[in-house]
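Thanks for coming, everyone. I'll keep this brisk. Please look at the screen.

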Amino acid sequence: MATNQQRREAAKRKLERQLERRLEQQKRRRMIGAGVVGVAVLVVAGVVVWIVSANGGDSTNAAASSSAAPPPTDLQIPTQRTALPKRATPLPNPTTCDFKADATGKAPKKANPPDGKNVPSTGTVNVTLKSTAGDIPLTLDRALAPCAVQSFISLAKQNFYNDTMCHRLGTEGLQMLQCGDPSATGDPTTDGQGGPGYTMPDEAFPEIKYGRGILAMAKTQAPNSGGSQFFMVYGSADGLPADYSVFGSISDEGLKVLDAVAKAGIANPNPQDGTGAPTKQVKFTGVTVQ
């Protein structure tokens, strides 16, 4: 009969054999797993190479473009201009504009408000926005929005728009380029909040229609909140309510510039509405008033 010592030694040897078998099994499993992973990596690498080759680029270009929306190759831009609206009842000439200090205090580049007394409400003014993307000639119409025209001319003469960039491009639904925020940097989460330090009265009217060639003032949902920001419609304006003051039109030359900017796409789209800074930057280098 085996002694207690012998039984303990036998049990120890049995345990050692079990541990050896387990270690051997673990090694085999690791080797098999490594082989499977290696095959998977090779397969994925082959697929990536095929995708990059199919797109005519390399991995660096593919990574860089992942943060930007590709140019809209199927972008449809209407070619017919939209006629300027007309007021059913003309405004008194001259008229008065109530320019007020901006209660929000968002004035990264303060400007002096224009004189709001004896503002003419007839006639037109030719203006050219000189930009890094090309010249954009405009015709401002005092009969549509005399206060907006008065403010725009005043800001232009104060060089307010110089070195500011257009921060918001829309290519679907509302096809427009929005500009006039002096604090815009290309970040869709912060752009669109800056102004000149004052606001102007709304000058919208029921007959307003937006479309290709229309120039209008931007504003918040609050009444009489317009300031320095404006938008230029180069295409469609589906569903846009007649709440934004139209104060002029864009020339054919200017529309060609806007078309090129739109076709270059959006650099950093906002996930909420798809608008964002244009890939082809539009930075104003000067504004001439004729």
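By class, how many nonpolar, polar and charged residues are in the lining of the largest pocket? The lining has 14 nonpolar residues, 21 polar ones and eight charged ones. Before we go on, please remember that this is a predicted model.

Let's stay with that pocket. Its volume is about 1000 Å³. The lining is made of 43 residues, and the closest to the centre are Gln178, Gly192, Lys219, Thr220 and Gln229. Two elements give two or more residues to this lining: β5, residues 174–179, and β6, residues 198–199. Which gives the largest share? That is β5, with three residues.

Now the overall layout. The protein has four helices and ten strands. Along the sequence, the pattern reads α-α-β-β-β-α-β-β-β-β-β-β-α-β. There are 290 residues in the protein, and 40% are buried. Now take the contacts between residues at least 6 apart in sequence. Of those, 73% join residues at least 24 apart.

Next, one strand in detail. Find β2, residues 124–131. Strand β2 is joined to β3, residues 136–141, by six bridges, and the two run antiparallel. One pair to look for is Val125 in β2 with its bridge partner Leu140 in β3. Together, β2 and β3 form a hairpin with four residues between them. In the turn sits Gly134, with a positive phi of about 130 degrees.

Strand β2 also pairs with β10, residues 284–289. Here there are five bridges, again antiparallel. Look for Leu129, which stands opposite Val287 in β10.

Now a single residue of β2: Ser131. Is Ser131 buried or exposed? Its relative accessible area is 11%; buried means under 20%, so Ser131 is buried. What does its side chain reach? One target is the backbone nitrogen of Ala133, at 3.1 Å. Another is the backbone oxygen of Gly134, at 2.7 Å. That is the Gly134 we met in the hairpin turn. Leaving out residues up to four places away in sequence, Ser131 touches Val282, Lys283, Phe284 and Thr285.

Now for the cavity. The structure holds one cavity of 30 Å³ or more. The largest cavity has a volume of about 60 Å³. Its lining includes Met200, Pro201, Asp202 and Glu203, along with Met217, Lys219, Gly226, Tyr244 and Ser245. By class, that makes four nonpolar, two polar and three charged residues. You have heard Lys219 before: it was also named among the residues closest to the centre of the largest pocket.

Last, some backbone details in the loops. The peptide bond from Asn93 to Pro94 is cis, with omega near 0 degrees. Pro94 lies in the loop between α2, residues 59–65, and β1, residues 100–101.

Then Asp163. Its phi is positive, about 70 degrees, although Asp163 is not a glycine. You will find Asp163 in the loop between α3, residues 146–157, and β4, residues 168–170. Asp163 counts as exposed because its relative accessible area is 60%, and the cut-off is over 50%.

Finally, Asn224. Here phi is near 55 degrees, again a positive value in a residue other than glycine. Asn224 lies in the loop between β7, residues 214–217, and β8, residues 230–237. At 40% relative accessibility, Asn224 is partly exposed.

That's my tour. Thank you.

How values were computed. Residues numbered from 1 in each chain as written. Predicted model: local features only at pLDDT ≥ 70, side-chain atom pairs only at ≥ 80, totals over all residues. Heavy atoms only, no water. 1 Å grid on protein atoms, 1.4 Å probe; cavity = no way out; pocket = protein on both sides within 12 Å on 5 of 7 lines; lining within 4 Å. Points joined across faces, edges and corners; volume = space filled by probe spheres on them. Nonpolar A, V, L, I, M, F, W, Y, C, P; charged D, E, K, R; others polar. Buried < 20%, exposed > 50% of the residue type's maximum accessible area, 1.4 Å probe, protein only. Polar contact = N/O pair within 3.5 Å; in protein donor to acceptor, adjacent residues only side chain to side chain. Contact = heavy atoms within 4.5 Å. Pairing = 2+ DSSP bridges.
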